[in-house]
Amino acid sequence: MKGSDPERDASSVLGVYWDLGYVRARLDAPVVAGGLTVFRIHEGRRYRVGKVSAHDVDARGAPLATPDGLPTLAHLHAHAGDWFSRGAWSVDVEAVKALYRDGGYPLVDVRIDTKIDDADDTVEGTLTGIDL
């Protein structure tokens, strides 16, 4: 890579691998020579999306519907069996936030908690913090 900040370059490289499903990818220490940063990459196995769920209940434990009346999961693009992509999950979280904000809940906070399962090469995700 051509750049002046090997740490930032490493984050960029790992981000690409995480978006392709290599959640255990790692890099050796960079070698910088002649203005180029070179990384040795260890990809590891490629992971798929496992179970995806949403903890979308109000303070009393009653289920929440999104402002359009559909379940939260109906608005996600990530589905079980897809290749995992950190970027795609980030886009889904932002889309759910926008949906609630556009529906009159400007302070909504949404997060996704992940669990990596090395036994079956999957990443499970639960949308949490849907606090209205």
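The following exercises, with worked solutions, concern salt bridges, one helix and one surface patch in a predicted model.

**Exercise 1.** Determine which parts of the chain the salt bridge between Asp118 and Arg24 ties together, and classify the accessibility of both residues.

*Solution.*
Step 1. A search of the whole structure returns 7 salt bridges. One of them joins Asp118 to Arg24, with 2.9 Å between the closest N and O atoms.
Step 2. Asp118 belongs to the loop between β6 (109–117) and β7 (122–131), and Arg24 to the loop between α1 (6–19) and β1 (26–27), so the pair ties together parts that are 94 residues apart in sequence.
Step 3. The exposed class begins over 50% relative accessible area and the buried class lies under 20%. Asp118, at 35%, is therefore partly exposed. Arg24, at 42%, is likewise partly exposed.

**Exercise 2.** Locate the partners of the salt bridge between Asp28 and Arg40, and state which residues form a network with shared partners.

*Solution.*
Step 1. The side chains of Asp28 and Arg40 form a salt bridge with an N to O distance of 3.8 Å.
Step 2. Asp28 is in the loop between β1 and β2 (31–33), while Arg40 is in the loop between β3 (36–38) and β4 (41–42); the two residues are 12 apart, and the pair links distant parts of the chain.
Step 3. Asp28 has a relative accessible area of 28% and is partly exposed, whereas Arg40, at 55%, counts as exposed.
Step 4. Through salt bridges that share partners, Arg26, Asp28 and Arg40 are joined into one network.

**Exercise 3.** Describe the surroundings of Asp109: its element, its accessibility and its contact with Arg111.

*Solution.*
Step 1. Asp109 is a residue of strand β6. Its relative accessibility of 32% places Asp109 in the partly exposed class.
Step 2. Asp109 and Arg111 form a salt bridge whose closest N and O atoms are 2.7 Å apart. A side-chain polar contact of 2.7 Å also joins this pair.
Step 3. Arg111 is partly exposed, at 37% relative accessibility.
Step 4. For Asp109 and Ala29, the separation is 80 residues in sequence and 36 Å in space, taken from C-alpha to C-alpha.

**Exercise 4.** Compare the span of helix α2 with its expected value, then decide how its buried residues are arranged about the axis.

*Solution.*
Step 1. Helix α2 covers residues 86–102, which is 17 residues. The expected span is 1.5 Å times one less than the number of residues. For α2 this gives 24 Å, in agreement with the 24 Å between its end C-alpha atoms.
Step 2. The buried residues of α2 are Trp89, Asp92, Val93, Val96, Lys97, Leu99 and Tyr100. Viewed down the axis of α2, these residues fall within an arc of 160 degrees, so they line one face of the helix.
Step 3. An α-helix has 3.6 residues a turn, so residues three or four places apart point the same way.
Step 4. Val91 and Asp102 are exposed on the other side of α2.
Step 5. After α2 comes Gly104, with a positive phi near 105 degrees.

**Exercise 5.** Identify the residues of the nonpolar surface patch that includes Val38, and give their accessible area together.

*Solution.*
Step 1. Val38 is located in strand β3.
Step 2. Val31, Leu36 and Val38 make up the nonpolar patch, and together they have about 260 Å² of accessible area.

Definitions and conventions. Residues numbered from 1 in each chain as written. Predicted model: local features only at pLDDT ≥ 70, side-chain atom pairs only at ≥ 80, totals over all residues. Heavy atoms only, no water. Salt bridge = Lys/Arg side-chain N within 4 Å of Asp/Glu carboxyl O. Helix = DSSP H or I, 4+ residues; strand = E, 2+ residues; numbered from the N terminus. Buried < 20%, exposed > 50% of the residue type's maximum accessible area, 1.4 Å probe, protein only. Polar contact = N/O pair within 3.5 Å; in protein donor to acceptor, adjacent residues only side chain to side chain. Arc of directions from axis to C-beta. Patch = residues over 30% accessible without salt bridge, like charges linked within 9 Å, V, L, I, M, F, W, Y side chains within 5 Å. Areas by Shrake-Rupley, 256 points an atom, 1.4 Å probe, with all protein chains shown as cover.
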